[in-house]
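Here is a friendly walk through one protein model, meant to be read with the structure open beside you. We will start with open space and work outwards to the strands, the helices and a few unusual backbone spots.

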Amino acid sequence: MTLIQTLRWYGPSDPVSLKDIKQAGASGVVSALHQVPHGNEWPVSQIIERKHAIEKEGLKWSVVESVPVHEAIKTKNKDCEFYLNNYKKTLRNLSICGLKTICYNFMPVLDWTRTELAWPLGNGAKALYLDWVDLAVFDMKVLKRSGASSFYQSAVLEQVEERYVKMSSERLAELTEIILMGVPTEGGVTLNQLRESIDIYKSIGKEGLQENLRHFLSSIMEVCEEENIQMTIHPDDPPFPILGLPRIASSKEDLEYILQAVDEPFNGICFCTGSLGAGSHNDLPEILNAVGSRVYFAHLRNVKKDNFGNFYESDHLDGDVDMYEIMRKLVELNANRDQPITFRPDHGHQMLDDLNKISNPGYSAIGRLKGLAELRGLEMGITRGIQK
Ligand code: DNO
């Protein structure tokens with residue numbers, strides 16, 4: 001039984017079509033109803049429509065990524081129960097349609113964060129990049145967060161003033177837009193919303209957020225168990241408390257804590273090697289050894305970090321993450337499963353013809369095709385090697 005090899009599809013408006021995905025050699029698709037506002041119940045009719053569109057191309061909708069967790073649940077405010085009920089209804093609706101593996105994250109306000117979306121690689125391709133000095137410029141000069149400076153290493157702080165002075169107003173606007181963007185098809189946040197959220201999360205803190213996640217998981221547990229649903233939490237990307245917002249899924253200890261908080265099989269992990277790999281505190285094979293039994297979904301991506309912790313998204317097999325070791329372990333875990341583990345190459349470079357096209361950041365066709373092809377080959381090599 002091989003791993004299920006998928007690509008993400010953002011839906012009918014995705015410039016990368018299902019036919020492209022089929023040609024890339026994927027057998028499955030990871031998708032979500034991005035058009036439904038966060039927190040609303042996903043109607044069965046729309047789930048079925050999406051499912052049929054995918055199946056018509058000979059593909060399977062393997063994982064739902066993501067069913068977003070509304071901020072009211074993350075902050076456990078007065079509307080929390082209302083949104084929890086909607087979430088449970090959505091889970092039931094997905095289950096009725098045969099969709100049983102769900103990805104979500106518990107990152108406050110912002111989803112993944114980068115400072116550049118088209119960082120030039122030496123070979124002409126472009127990648128996503130995170131630069132701590134740029135992030136600090138945004139934090140201190142645009143957001144003007146009080147106490148921000150105490151958050152950055154002195155080596156970063158020393159460069160902020162000069163970087164800011166030299167930065168054009170266009171670049172500053174672009175940087176702001178990139179940071180506030182979130183999931184492209186779902187719309188970002190405004191500066192003021194971000195400021196308000198930072199205040200709210202200040203009083204919640206890491207422990208409060210962990211408690212809110214525990215509450216979320218306990219509340220959906222019954223539905224998940226009745227419907228045989230596997231929930232997979234996506235790690236924080238990057239795995240640090242950025243802009244003063246708490247983070248609770250950034251390390252081995254965090255993930256172990258989450259699994260133990262509601263210690264039931266439905267409570268699982270989306271093992272995202274690019275997110276966890278951006279932290280030098282993380283040893284990925286060690287994390288996979290620790291939490292592997294509850295990994296039901298994997299994002300396979302690589303990163304290269306420099307001495308400041310800045311990182312770019314490198315080739316899938318070439319970076320700080322030992323992808324051979326991760327794939328070896330996934331193949332081993334998969335061999336003992338009733339249900340195969342799904343993976344997707346997470347992100348890809350803009351390269352070749354992609355450079356002339358607009359796609360969702362990180363989700364170009366050719367860069368991901370390359371990633372998928374390399375990872376598929378790696379999986380086959382490992383599997384055949386074991387059988388010999
Ligand atoms: C970025 C993605 C994330 C991921 C969510 C999961 O490319 O990996 O946006 O889908 O964090 O909830």
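The largest pocket of this predicted model has a volume of about 900 Å³. Its lining is made of 49 residues, and those nearest the centre are His38, Glu71, Lys74, Val109 and Leu110. Three elements give two or more residues each to that lining: helix H3 (71-74), E4 and helix H8 (191-227). Which of the elements gives the most to the lining of the largest pocket? That is H8, with 5 residues.

There is enclosed space as well. Rolling a probe the size of a water molecule over the atoms is how empty space of this kind is found. The structure holds 2 cavities of 30 Å³ or more, and the largest cavity contains about 120 Å³ of space. Lining the largest cavity are 18 residues, with His38, Gly39, Asn40, Trp42 and Pro68 nearest its centre. Helix H4 (residues 80-96) supplies the largest share of this lining, 4 residues. If you are colouring residues as you read, His38 deserves a colour: it is among the residues nearest the centre of the largest pocket and also among those nearest the centre of the largest cavity.

Now for the strands. A closed barrel of 8 strands runs in the order E1-E2-E3-E4-E7-E8-E9-E12, and its pairing is parallel. On average, neighbouring strands of this sheet are turned by 30° against each other, direction ignored. Strand E1 (residues 4-9) and E12 run parallel and are joined by 2 bridges; in this pair, Ile4 stands opposite Thr342 in E12. Helix H12 (residues 323-335) packs on the sheet, where it touches E8, strand E9 (295-300) and E12, and its direction makes about 155° with that of E9. H8, already met at the pocket, lies across E4, E7 and strand E8 (267-272), running at about 155° to E7.

The model also has an open sheet of 4 strands, in the order E5-E6-E11-E10, with antiparallel pairing. Strand E5 (116-120) and strand E10 (302-305) stand at its edges; each has a single partner strand, so one side of each lacks a neighbour in the sheet. The twist from one strand to the next averages 40°. Within this sheet, strand E6 (residues 126-130) and strand E11 (residues 311-314) run antiparallel and are joined by 2 bridges, and Leu130 has Phe311 as its bridge partner in E11.

One barrel residue is worth a closer look. Asn105 lies in strand E4 (residues 101-105). Is Asn105 buried or exposed? Its relative accessible area is 10%, under the 20% cut-off, so Asn105 counts as buried. A polar atom of the Asn105 side chain lies 3.0 Å from the backbone nitrogen of Met107, and the side chain of Asn105 also makes a polar contact with the side chain of Asp111, at 3.1 Å. Leaving aside residues up to four places away in sequence, Asn105 touches Val69, Lys74, Asp111, Ile233 and His234. Lys74 is also one of the residues nearest the centre of the largest pocket.

Finally, some backbone geometry to check in your viewer. Most residues other than glycine have a negative phi, and most peptide bonds are trans. The table gathers places that depart from this pattern.

| Place | Feature | Value |
|---|---|---|
| Glu65 and Ser66 | cis peptide bond | omega about -15° |
| Asp237 and Pro238 | cis peptide bond | omega about 0° |
| Lys144 | positive phi | phi near 55° |
| His347 | positive phi | phi near 65° |

Where do these residues sit? Ser66 is in the loop between strand E3 (60-65) and H3, while Pro238 belongs to the loop between strand E7 (230-234) and helix H9 (252-261). Lys144 is found in the loop between helix H5 (132-142) and H6, and His347 in the loop between strand E12 (342-345) and helix H13 (365-387). Lys144 counts as exposed, at 61% relative accessibility, whereas His347 counts as buried, at 4%.

Definitions and conventions. Residues numbered from 1 in each chain as written. Predicted model: local features only at pLDDT ≥ 70, side-chain atom pairs only at ≥ 80, totals over all residues. Heavy atoms only, no water. Buried < 20%, exposed > 50% of the residue type's maximum accessible area, 1.4 Å probe, protein only. Polar contact = N/O pair within 3.5 Å; in protein donor to acceptor, adjacent residues only side chain to side chain. Contact = heavy atoms within 4.5 Å. Pairing = 2+ DSSP bridges. Axes fitted to C-alpha atoms, helices over the stretch in contact; angles between N-to-C directions. 1 Å grid on protein atoms, 1.4 Å probe; cavity = no way out; pocket = protein on both sides within 12 Å on 5 of 7 lines; lining within 4 Å. Points joined across faces, edges and corners; volume = space filled by probe spheres on them.
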